[in-house]
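Colleague: I am new to this structure and would like a close look at a single part of it, set in the context of the whole. Please take your time and connect the pieces as you go.

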Amino acid sequence: MPDIGAQLWLLGPEIVLAVFAFGVILLDLVIKEKSVLAYLSIAAALFIMFTMFGRQGTAFGGMFLADGYGLFFNFIFLTSLCLSILVSLKYLPVERINFGEYYGLMLFATIGMMVMASAGDLIMVYLGLELMSLSVYVLAGFMRQSTRSNEAALKYFMLGAFASAFLLLGISFTYGLTGTTQISGVAQYIKDNGLAGNPVLAFTTILYVAAFGFKIAAVPFHMWAPDVYEGAPTPVTAFMSVGPKAAGFAVIGRVLTVALGPVSSEWTGLLIVLSILSMAVGNILAISQTNIKRMLAYSSIAHAGYALLGVIAGGPEGLASMMNYLLIYTFMNIGAFTVVTLLRTEGVKGEDLSDYEGLSKNHPLLSALMLLFMFSLTGIPPTAGFMGKFYLFVAAINAGYLWLTVIAVIMSAISAYFYLRVVMYMYMKEPGTVIPVQRSTAGRVALMFTGIAVLLIGVQPTGFIQMARSALAGFGI
Amino acid sequence: MEQLGYLQQYVPVLVLMLVALGFGLGALLVGSLVRPKRPYAEKLMPYESGNPPVGEPRYRFSVKFYIIAMLFVIFDVEAVFLYPWAVTFDKLGLYAFVEMIIFIVILLVGYVYAWRKDAFTWD
């Protein structure tokens, strides 16, 4: 065994988080005040965030890759973990689900995502995906007295199990064709033996696209998303609209652009279809939604379509714009869900669009922030959402997909209708009944943090895109 | 032709499968032809260890059985992993020993959790 210590050092972030996750599970048995577990989880995530950078290398015979790409995605996962936990603090008691397992499951899901983003082997991809998915299935059904939540968990589980089966079938076909499950080894074999045009390889590609398309909720693998997003507890919805989606994109970046990189022309066409369908179906169906969680679910389908543009464009520029967009999406989407969560108080659901009527009269700051997030999701300057889309579209145009970019811009224009409708309800309608807001300091911290991030990236966008570009050094594309 | 030669290695397996199937079906067929048939009501009743059957066979089980089943699966798999490790312990050495300890500690956390959550008490 070559130098175990150095290999464990590369796996440090995952190991520390796993130790904390077990700690949270055990501490939950003796502690009454569950918010301690939340702060412990946030402390673990922050500690890892500040100490994880600078790791570089491969561990355990190529099973695990520590590189800038994985670390950038780890940053996205840990940010979404911290923000979702902050939002949950006051929400869980309102829903009467203040159990310590919640935080343990959140941590385990994050470990799964981190393993996915740093996987150097298809088996590791699968292991990470299962750890993430199983935790999130349970979290979706965490309101165990609510039939809606149970339905969400069951639907997610059934369809997720199907997607996992597709992925496993794809992995076994890959192994049958190339004799290896190592991501770089698969690419090498395809290149050396000229497997382009092989019908089995084309079928394998379809299986991968179906499996990952399910995780990122791209049309036509999106059927679960609206029901699951609506039924799950709102902070969990915020978490799973960002984390598992980013993890899905991280794996697409590794498996499609690296392992199947030599036959990129075979999957680019599939992704273009997925991207156009996602943008069209997501944005057009969102128009008719009156439940804000459902509306944001369709919007998250559409955003998966935008982010796919970066993968389609390919190369360091395309991937960097995709990573940058996912980071921005983390801030603006969790921000929007934080507002939705804060409206849930004792006896008031606060999920319906009509609850936002005249919100600016009673809660001016909350409404102003919601306006900011809605502008950002639409892609209006000077918000982060605009800059994220800008880099995506530039990458797509430079790669020669001008027509695809035109479609994306038209779809963004359509999306303005339902995002700005929320703003219109808040500012131009008279308030009906006064909707109370949760008195949650932690929720406000999350709101302020996401709000500042959305504005700051919108005004000063070069930092993160440079970070994403330098993270891709040595990625092998 | 090379492909066919590869498949030929499996011909004995196919023969074994056919023989096994034929033996099972043949025994049933011969039995039904030669055995005496004298059915009466008691003989046709479902067998419940000699007692007269009580109630319908299809009713709902307590959800507690599922928890027991899950616990069984977890600790059964632990034993499955422990056994080959124990057999080849002297060849694997310290590295595998430490890994096994970590594996057992992880399951121990689960055990403590299940115990404190009263998964082992029936009522």
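In which loop of chain A does A:Pro220 lie?

Modeller: This is a predicted model, and in it A:Pro220 lies in the loop between helix 9 (199-215) and helix 10 (224-231) of chain A. A cis peptide bond, with omega at about 5 degrees, joins A:Val219 to A:Pro220. Most residues other than glycine have a negative phi, and most peptide bonds are trans.

A cis bond is also found from A:Pro381 to A:Pro382, where omega is near 5 degrees, and A:Pro382 sits in the loop between helix 16 and helix 17 of chain A. Helix 17 itself covers residues 384-398, and its 15 residues should span 21 Å at 1.5 Å a residue, which agrees with the 21 Å between its end C-alpha atoms. The buried residues of helix 17 of chain A include A:Ala384, A:Gly385, A:Met387, A:Lys389, A:Tyr391 and A:Phe393. Those buried residues pack against helix 13 (292-313), helix 14 (315-342), helix 16 (364-378), helix 18 (402-428), helix 19 and helix 20 (462-471) of chain A. After helix 17 of chain A comes A:Gly400, with a positive phi near 95 degrees.

Positive phi values also appear in residues that are not glycines. One of them is A:Phe60, with a phi of about 55 degrees, placed in the loop between strand 1 (57-59) and strand 2 (64-66) of chain A. With 15 other C-beta atoms within 10 Å, A:Phe60 is partly exposed. Another is A:Arg96, whose phi is near 60 degrees and whose place is in the loop between helix 4 and helix 5 (101-117) of chain A. A:Arg96 has 11 other C-beta atoms within 10 Å and is therefore exposed, the limit for that class being 12 or fewer.

From that loop we can turn back to helix 4 (residues 68-94) of chain A, whose axis comes within 7 Å of the axis of helix 19 of chain A, the two crossing at roughly 145 degrees. The crossing of helix 4 and helix 19 of chain A is left-handed. On the side of helix 4 of chain A the contact is made by A:Leu83, A:Leu86, A:Val87, A:Leu89 and A:Lys90, and on the side of helix 19 of chain A by A:Ala442, A:Gly443, A:Val445, A:Ala446 and A:Thr450. By class, the residues of this contact between helix 4 and helix 19 of chain A are seven nonpolar, two polar and one charged. Helix 19 of chain A (residues 441-459) also holds A:Phe449, which is partly exposed, with 18 other C-beta atoms within 10 Å. The C-alpha atoms of A:Phe449 and A:Leu83 are separated by 8.7 Å, although their positions lie 366 residues apart along the chain.

As for the setting of these parts, chain A has 20 helices and two strands. Its radius of gyration is 21 Å, close to the 23 Å that the globule rule gives for 477 residues, so chain A is as compact as a globular protein of that length. Of those 477 residues, 57% count as buried. Among the contacts in chain A between residues at least 6 apart in sequence, 80% join residues at least 24 apart. Beyond its own fold, chain A has five residues in contact with five residues of chain B, and the side of chain A that touches chain B has five nonpolar, no polar and no charged residues.

Terms used
Residues numbered from 1 in each chain as written. Chains lettered and ligands numbered in written order. Predicted model: local features only at pLDDT ≥ 70, side-chain atom pairs only at ≥ 80, totals over all residues. Helix = DSSP H or I, 4+ residues; strand = E, 2+ residues; numbered from the N terminus. Rg over C-alpha atoms; globule rule 2.2 N^0.38 Å. Buried ≥ 20, exposed ≤ 12 C-beta atoms within 10 Å, placed from the backbone. Contact = placed C-beta atoms within 7 Å. Nonpolar A, V, L, I, M, F, W, Y, C, P; charged D, E, K, R; others polar. Axes fitted to C-alpha atoms, helices over the stretch in contact; angles between N-to-C directions. Left-handed = near helix turned anticlockwise from the far one by under 90°. Expected span 1.5 Å × (residues − 1).
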